[in-house]
Amino acid sequence: MEYEGILLGMGNPLLDISAVIDQDFLNKYDIKMNNAILAEDKHLPMYEEMTSKYSVDFIAGGATQNSIRVAQWMLQIPGATSYMGSVGKDKFGEEMKKNAQDAGVNVHYYEDESPTGTCAVCVLDGERSLVANLSAANCYKVDHLKRPENWALVEKAKYYYIAGFFLTVSPESIQLVAEHAAAKNKVFSMNLSAPFICEFFKDQQEKVLPYMDFVFGNETEARTFSRVHGWETDNVEEIALKISQWPKASGTRKRITVITQGADPVVVAEDGKVKQFPVILLPKEKLVDTNGAGDAFVGGFLAQLVQEKSIADCVKAGCYASNVIIQRPGCTYPEKPDF
């Protein structure tokens, strides 16, 4: 099988600025743990404060880019994955490009005049909270996607993955790829990504939902999705099932919904049935931070999916990848997988 360029991701390439902080810092900037938000004006000084006050790690991030890098790492086939998004013409942008290329990902960044986007990763007791300042990442335009050298990546791929975060940036680009996937019978997948996406970008999300063959998310996002749609249930299995039964744009395959729940089992809704898969439990003292755990799960999952493995195998690989990532800062991994 030809794996070159088989998986394409599009999203917001962000440099993670990660630090173990304290409760006072969270209170000062009104940050809740295990959340992901876009920075408002009140958050802007926190990046500088983190860098001066705490010991910070700079790590290539961005949800989709993390998943694509992990899939690439799991596959160990150079150039199996590609990625598009927007960075600035600066040091951070250069570093991110190098990082992705070293990982074996074929990146086609759009380069914007504004600075490369950053994401503050606030770590406390192993949990994480994300505050993203999109900056250049917010400037991705569908014109870049339509350039022949970039659209060629879309043509070549058979699987697509886009985090829900990209709905705030370029819904037109998502729509274009989604329609291509439906027309050519390829596999299109997205992530619920964050409660604020389900809540405040509901219309954008609903417009592209019919095209999703796979929907990923965690339990908090699933429950937010349920509440926003008036489903009046907090039962994750029930919600996963309802999402999987949402009408589809192309009838070729039935939608599969995959919801992670931290240390609790992964819920998979497929063909009117729900299955649960236990995760690999990790002793608390081995947990470094959960940053990138959900992204890594998707990356591991997709690496098996593109090899046409069973859903059980895909979940197993997802659990393996997230188990590796939570024992390290950010979405980083050892040289070779042991899966």
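**Helix H11.** I looked up which residues of helix H11 (residues 236-244) are buried, meaning under 20% relative accessible area with a 1.4 Å probe and protein chains only: Val236, Ile239, Ala240, Ile243 and Ser244. Viewed down the H11 axis, these buried residues fall within an arc of 135°, so they line one face of the helix; the arc is taken from the directions from the helix axis to the C-beta atoms. Their cover includes strand S11 (214-218), helix H10 (219-228), strand S12 (256-261) and strand S13 (264-270), where contact means heavy atoms within 4.5 Å. Helices (H or I, at least four residues) and strands (E, at least two) are DSSP runs, numbered from the N terminus.

**Basis.** I note that the model is predicted, with local features requiring pLDDT of at least 70, side-chain atom pairs pLDDT 80 or more, and totals for chains, interfaces and linings using all residues. Residues are numbered from 1 along each chain as its sequence is written, and side-chain values use heavy atoms, without hydrogens and water.

**H6 and H7.** I then examined helix H6 (residues 148-156) against helix H7 (residues 171-183): they pack at about 40°, with axes 10 Å apart. Axes are lines fitted to C-alpha atoms, for helices over the stretch in contact, and angles run from 0 to 180 degrees between N-to-C directions. Trp151, Val154 and Glu155 of H6 make the contact with Leu176, Val177 and His180 of H7.

**H12 and H13.** Last, I recorded that the axes of helix H12 (residues 293-305) and helix H13 (residues 311-325) come within 7 Å and cross at roughly 140°. On the H12 side I found, among others, Phe297, Gly300 and Phe301; the H13 side includes Cys314, Ala317 and Gly318.

Methods
Buried < 20%, exposed > 50% of the residue type's maximum accessible area, 1.4 Å probe, protein only.
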